[in-house]
2 protein chains.
Amino acid sequence: VVVVDVLRATTTMVYALAAGATMIVPCREVDDARQRARNFPGALLGGEREGLPIDGFDLGNSPAEYQADKIAGRPIVLTTTNGTRAIDSCHMARRVLFAALVNRSAVCRQLEREPRVGIICAGTNGQVTSEDVLLAGAIVEGFSLSDADELRCNDQAWLARAAWRSLSLDPPKLPALIAALRDSTGGRNLVRLGMEADIELAALCDRFAVVPALDIREGVIRLQ
Amino acid sequence: VVVVDVLRATTTMVYALAAGATMIVPCREVDDARQRARNFPGALLGGEREGLPIDGFDLGNSPAEYQADKIAGRPIVLTTTNGTRAIDSCHMARRVLFAALVNRSAVCRQLEREPRVGIICAGTNGQVTSEDVLLAGAIVEGFSLSDADELRCNDQAWLARAAWRSLSLDPPKLPALIAALRDSTGGRNLVRLGMEADIELAALCDRFAVVPALDIREGVIRLQ
């Protein structure tokens, strides 16, 4: 199963782990995050509620904040509104990876030999959002390129790929992708909050070659 | 609200009313259809369960069956698995229209002055299906052409339009559209049942300029 929350949880996870955080500890609730942080020496608290930083936390949910000088060598205890919650719907999965546009090709390579893949779009408050469906389509397209004869997908995956293809190129030109992300529910929220710069960081296709994966036994996320 | 069930309920409704049926009486259940037919003199019973004709009914759910010589001047009492049921989700709407590819432009013209439009995709057994989402996207695209400055759509409408645009032209070339419909859940079902010809009838964009509309008081569908 691949978890997708482009704006911003999975994007931030990729930036954080690529910058040297030792792990992400995903937590559903703010209190739960504060509690679990005590078990991880040197841990930083990160996340958001309604897009904004949480009182008393070290970090928000903006990828720009997750710089090596601040976070390298430390665990991040993270709670976000939709992204960390999407993980709860993966309890049947044998393997759980985390995808963003910034690591899409690396994720596709990891999936090449999997016989069956589900893509979980975090969405916003239970609603379908276009930024997540676009990345889901990009992942389906990544499959199609490597294994076109064998690919079978359901209608939702077919539609997601069609939406991605409507952006014309693979990967799309950066301005087209940024425009599509700005038009999405998540994008409009970020513009409203003055966090537009995060959209540009999220749109940098394949900036990283790392893949966050859930350690199912421990409930923490580390690089694959 | 616009109800969409391309394969095949709304397509069949358009063919039936264009061929001179006086009205469609949508019924949720088979027994309910048999019962209501008694109140409509000369009525024909039509519909399907699992895509197949219903025992003792006059007509199945194939648009090809709804020919003028058989149905002109008569009411059709219709029950289908997903299409007639989608109508139940429209009980809050002030106005309910029925759209198919075969009458898409006529529907778009009717919607031009509406301040707010919802599109209900029937899907299959509660699942999103690509044939319905493609038509939803075609309707959104129809709006965009006539009223580009004013259009605001939610992420699902945006994604539907993107999927439609991935077919390259508006309307797409017939072979591309038929291929997309064959790939859909509804299309695969029809191929399996040997009813492929219905896909081609459903793909004839703008063959008709008629718009079925629900008479909310009487619960029957007539031409607008």
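How many salt bridges does the rule find across the interface of chain A and chain B? It finds 2. Keep in mind that this is a predicted model, and let's start where the two chains meet.

On the chain A side, 20 residues are in contact with 20 residues of chain B. Putting the chains together buries about 1500 Å², with carbon and sulfur atoms giving 61% of that area. In chain A, the residues that lose the most area to chain B are A:D155, A:W158 and A:L159, and together they make up 41% of what that side buries. Besides the salt bridges, there are polar contacts to look at: the rule finds 7 residue pairs of this kind across the interface, with both residues at pLDDT 80 or more.

Which helices of chain A each supply at least two residues to the side that touches chain B? They are α6 (130–146), α7 (155–165), α8 (174–183) and α9 (185–192). The largest share comes from α7(A), with 7 residues. Sorted by class, the chain A side has 8 nonpolar, 7 polar and 5 charged residues.

Now for a salt bridge you can pick out by eye. The side chains of A:D155 and B:R188 meet with an N to O distance of 3.5 Å. That fits the cut-off, because a salt bridge here needs the nitrogen within 4 Å of the carboxyl oxygen. As for background, side chains of opposite charge can pair when their charged atoms come close.

Back within chain A, A:R165 forms a salt bridge with A:E141, the closest N and O atoms being 2.9 Å apart. This pair links distant parts of the chain, since A:R165 belongs to helix α7 and A:E141 to helix α6, 24 residues apart. A:R165 is partly exposed at 41% relative accessibility, whereas A:E141 is buried at 9%. Returning to the interface pair, A:D155 lies in helix α7 of chain A and B:R188 in helix α9 of chain B, so this salt bridge joins two chains. Is A:D155 buried or exposed? A:D155 has a relative accessible area of 3%, so it counts as buried. B:R188, at 39% relative accessibility, is partly exposed.

The helix that carries B:R188 deserves a closer look. In α9 of chain B (residues 185–192), the buried residues are B:T185, B:G186, B:G187 and B:L190. After α9(B) comes B:G194, which has a positive phi near 75 degrees.

Over all chains, the salt bridge count comes to 24. One of them is between A:R95 and A:E114, whose side chains meet at 2.6 Å, N to O. Here too the pair links distant parts of the chain: A:R95 is in the loop between α4 (83–86) and β5 (97–99), and A:E114 in the loop between α5 (104–111) and β6, 19 residues apart. A:R95 is partly exposed at 22%, while A:E114, at 18%, counts as buried. A:R28, A:E29 and A:D88 go beyond a single pair, being linked in a network of salt bridges.

One last stop is A:T124, in the loop between β6 (119–121) and α6 of chain A. Which residues is A:T124 in contact with, leaving aside its neighbours within four places in sequence? They are A:N82, A:T129 and A:T185. At 15% relative accessibility, A:T124 counts as buried, because the cut-off for buried is under 20%.

Technical notes:
Residues are numbered from 1 along each chain as its sequence is written. Chains are lettered from A and ligands numbered from 1 in the order in which they are written. This is a predicted model: local features need pLDDT of at least 70, side-chain atom pairs count only at pLDDT 80 or more; totals for chains, interfaces and linings use all residues. Side-chain values use heavy atoms; hydrogens and water are left out. Contact means heavy atoms within 4.5 Å. Buried area is the accessible area (1.4 Å probe) that two parts lose on being put together, summed over both. A polar contact is a pair of N or O atoms within 3.5 Å; within protein, one must be able to donate a hydrogen and the other to accept it, and residues adjacent in sequence count only if both atoms are side-chain atoms. Helices (H or I, at least four residues) and strands (E, at least two) are DSSP runs, numbered from the N terminus. Ala, Val, Leu, Ile, Met, Phe, Trp, Tyr, Cys and Pro count as nonpolar, Asp, Glu, Lys and Arg as charged, and the others, Gly among them, as polar. Buried means under 20% relative accessible area, exposed over 50%, partly exposed in between (1.4 Å probe, protein chains only).
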